[in-house]
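Biologist: Hello! I am new to this model, so please choose one part of it, look at it closely, and then show me how that part sits in the whole.

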Amino acid sequence: MRTLKYILRWVFMNRERSVEKDKLEKNIDELRAVLNKICISAKSTKELEERLVVSERLDKLIVEYMNRERINI
C-alpha cells in the first residue's frame, strides 16, 4: 500500500514537471521569436531598449529551464 502511494506521488510529480517544462519551452520559443523580430526591425532607441528587456527575460527563462533540467537528471 505504501509503495503504491509512493509510485502515484512520483507519477503525479513527474507529470507536473513535464507540464512546467512544456510551458517554459513555449515561453522561450515565443520570446525568441519576439526578440528576432525586434532585432530585425530595431532602429530607434526605444526599440533597442525593448530588445534588451526581451533579451534579459529570455536569459532568465533559459536559466530557469536549465536549472530544472539539472535537478531532473
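Modeller: Gladly! Let's start at E20, which is partly exposed, with a relative accessible area of 35%. (Buried means under 20% relative accessible area, exposed over 50%, and partly exposed in between, with a 1.4 Å probe and protein chains only.) This is a predicted model, in which local features need pLDDT of at least 70 and side-chain atom pairs count only at pLDDT 80 or more, while totals for chains, interfaces and linings use all residues. Residues are numbered from 1 along each chain as its sequence is written, and side-chain values use heavy atoms, with hydrogens and water left out.

What does the side chain of E20 meet in a salt bridge? Its partner is R68, at 2.4 Å from N to O. (A salt bridge is a side-chain nitrogen of Lys or Arg within 4 Å of a carboxyl oxygen of Asp or Glu.) This pair links distant parts of the chain, since E20 belongs to helix 1 and R68 to helix 2, 48 residues apart. (Helices, H or I with at least four residues, and strands, E with at least two, are DSSP runs numbered from the N terminus.) Like E20, R68 is partly exposed, and its relative accessible area is 31%.

R68 has another partner, E64, with a salt bridge of 3.1 Å from N to O. E64 and R68 are four residues apart in helix 2, so about one helical turn separates them. E64 is also partly exposed, at 32% relative accessibility. Put together, E20, E64 and R68 form a linked network of salt bridges.

The structure holds three salt bridges. One of them is away from this network: the side chains of D29 and R32 meet at 3.5 Å, N to O. Both D29 and R32 lie in helix 1, three residues apart, which is about one turn of the helix. D29 is partly exposed at 46% relative accessible area, and R32 is partly exposed at 38%.

Now let's step inward to Y65 in helix 2. Y65 is buried, with a relative accessible area of 18%. Leaving out residues up to four places away in sequence, Y65 touches K21, L24, E25 and I28. (Contact means heavy atoms within 4.5 Å.) Y65 and L24 are 41 residues apart in sequence, yet their C-alpha atoms are 6.6 Å apart in space.

Y65 and L24 also belong to the largest nonpolar core, a group of 10 residues that includes I28, L31, L35, V54, L58 and L61 as well. (A nonpolar core is a set of buried Ala, Val, Leu, Ile, Met, Phe, Trp, Tyr and Cys residues joined through side-chain atoms within 4.5 Å.) Helix 1 (2-41) and helix 2 (45-72) each supply at least two residues of this core, and helix 1 gives the most, with five. L31 is a good place to look: beyond its neighbours within four places in sequence, L31 is in contact with V54, R57, L58 and L61.

Finally, the whole chain. The protein chain has two helices and zero strands. Of its 73 residues, 14% are buried. Among contacts with a separation of 6 or more, 59% join residues 24 or more positions apart.
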